Amino acid sequence: MNASAAGSSGPIVVAGAGYAGLHVALRLAAKLRSQPAVELTLVDRHDYHQVITELPRVAGGTRAADAVRIPLQDMLAGRVRFVQAEITGFDLAGRRLLTGAGPIGWSRLVLALGSRPSDFAIPGLADRALSVYSASDAERVWAAVSAALMAAAAAADPGRQRRLATVVVGGGGATGVELAGELAEILPAMASDRGLAPGRPAVQLVEAGPAILAGSSAQLTGKAARILSDLGVQVRTNAVVAAATEDGFRLTDGQLVEGGVFVWAGGVKAPELVADSGLPTGHNGRVKVDRYLRVLDHPEIYVAGDLASVTDPRTGHVLPPLAQVALEEGETVARNLDAELEGKPLEAFTFHDKGFVVSVGTRRGVADIVGITTGGRLAHLLKDAIEWEYRQSVRHLRGWDPAAW
Ligand SMILES: Cc1cc2nc3c(=O)[nH]c(=O)nc-3n(C[C@H](O)[C@H](O)[C@H](O)COP(=O)(O)OP(=O)(O)OC[C@H]3O[C@@H](n4cnc5c(N)ncnc54)[C@H](O)[C@@H]3O)c2cc1C
């Protein structure tokens, strides 16, 4: 515990209404009901919150994009002022957030701007591959796959047809595995609908490392690989993409992975505007924070979610960019802002790992929970349950009683 800088009752601004930022705003709104003088503002470029963990289902056409866009006005208690605007920069000295709707002054700022897909400066990648980091991105993937299958159905040349009907996913982490599984399950029916043989479409998953789902147990990886193989996904490991060309992903060994649609899920980095902000940044441009989640040398700014570079003292590693990490960090930031207002000690952040669940296709998945690894239908049900529980928790937070906090 550390004594807080007590008595700051000026405006609090939360930048970003994703997993971390929305939860800071909702938790703080409830707490601030008894502090009407404190202004709480939430800023996001969209007027909706995106349930990003469900995007692979949108890309696979099994969920509508609007189903993963939750209107913010449905969620925000009247206590939060919402500003829909693009955040364009920071005036750290003047304590102002620079936005398309004009500057917004803060006494305390929470940065929760998430991350962006990283192309690792691979030539051609940004132009030629799609990504899946927003509902609109996921819709584009679905539309591109649909169009490629139509074009394949119309192609007379079997080689061209095979190429057009192949989807190549770069990056064998959780996002790439979920996307590849979802598409492999759904493509045969899509092909039939378009007059193409159901066996014609193919999904290739290209991973630079020696195994998919890096960092997971060999048991979990093995189970995921078996389900993917059962779904017909061709997994290439130790396959490093050197360039994205007109014809496909060119690997460092010279091989060309051809396809009709290319999706990149190879990793994330901090948004560009943070790199130019003057804030201290570390690996992948994430902002360095102290154990209370305040920016080093800027105790008036908190960071939560993918943007925060938080080292887990138990492992010595920086925590991964995950929704469950973002939610826990958001909770700590809300508590610490409240502690500052109350003149109470701050709370150091501790991550409580609830486990790892990945869906592989529309019916199966893999999970590592409290040291138990499972694969199959149960893991998929678990993923469904986590997503359902998340939506319930958002609803619950709207009418939430802070006395129980
Ligand atoms: C396809 C996919 C599947 C995933 N599945 C899982 C999963 O199953 N489990 C899991 O734990 N994690 C999963 N993740 C990771 C998880 O989605 C992220 O860790 C999480 O979204 C991070 O939350 P955040 O609040 O930091 O950022 P986000 O949720 O991305 O929110 C950032 C917010 O900031 C806003 N914003 C950004 N820049 C600006 C700007 N300049 N101006 C205005 N607004 C801006 C955005 O609009 C957004 O609302 C997945 C990620 C992807 C891409």
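**Exercise 1. Identify which residues come nearest to the ligand, and describe how the protein surrounds it.**

*Solution.* Begin with the shell: of the 29 residues around the ligand, those that come nearest are Ala20, Asp44, Ile87, Asp306 and Lys383, where a residue is near a molecule if one of its heavy atoms lies within 4 Å of it. The model is a predicted one, in which local features need pLDDT of at least 70 and side-chain atom pairs count only at pLDDT 80 or more, while totals for chains, interfaces and linings use all residues. Residues are numbered from 1 along each chain as its sequence is written, and side-chain values use heavy atoms, with hydrogens and water left out.

Next, look for polar contacts, which are pairs of N or O atoms within 3.5 Å. A backbone N or O atom of Ile87 lies 2.8 Å from a nitrogen atom of the ligand, and a polar side-chain atom of Glu86 lies 3.2 Å from a nitrogen atom of the ligand. A backbone N or O atom of Gln324 lies 3.4 Å from an oxygen atom of the ligand. On its own the ligand has 1,000 Å² of accessible area, of which the protein covers 91%; such areas come from the Shrake-Rupley method with a 1.4 Å probe.

Finally, turn to the helices, which are DSSP runs of H or I with at least four residues, just as strands are runs of E with at least two, both numbered from the N terminus. Helices α1 (19-31) and α9 (323-342) each supply at least two residues of the shell, and the largest share, 3 residues, comes from α9.

**Exercise 2. Explain why strand β24 (residues 364-369) is described as largely enclosed, and find its partner strands.**

*Solution.* Because 5 of its 6 residues are buried, β24 is largely enclosed by the rest of the structure; buried means under 20% relative accessible area, exposed over 50%, and partly exposed in between, with a 1.4 Å probe and protein chains only.

For the partners, recall that two strands pair if DSSP finds at least two bridges between them. Strand β23 (residues 356-360) pairs with β24 in the antiparallel sense over 5 bridges, and in one of these Phe356 is the partner of Asp368. The two strands form a hairpin with 3 residues between them, and Gly361 in the turn has a positive phi of about 90°.

On to strand β25 (residues 372-376), which is joined to β24 by 5 bridges and runs antiparallel to it; here Gly365 has Gly376 as its bridge partner. This hairpin has 2 residues between the strands, and Val370 takes a positive phi near 40°.

**Exercise 3. Decide whether Asn284 and Leu293 are buried or partly exposed, and describe their backbone.**

*Solution.* Most residues other than glycine have a negative phi. Asn284, however, has a positive phi near 60°, and Asn284 is found in the loop between α8 (272-275) and β19 (287-288). Its relative accessibility is 34%, so Asn284 counts as partly exposed.

Leu293, also not a glycine, has a positive phi of about 75° and is found in the loop between β19 and β20 (294-295). With 0% relative accessibility, Leu293 therefore counts as buried.

Terms used
Polar contact = N/O pair within 3.5 Å; in protein donor to acceptor, adjacent residues only side chain to side chain.
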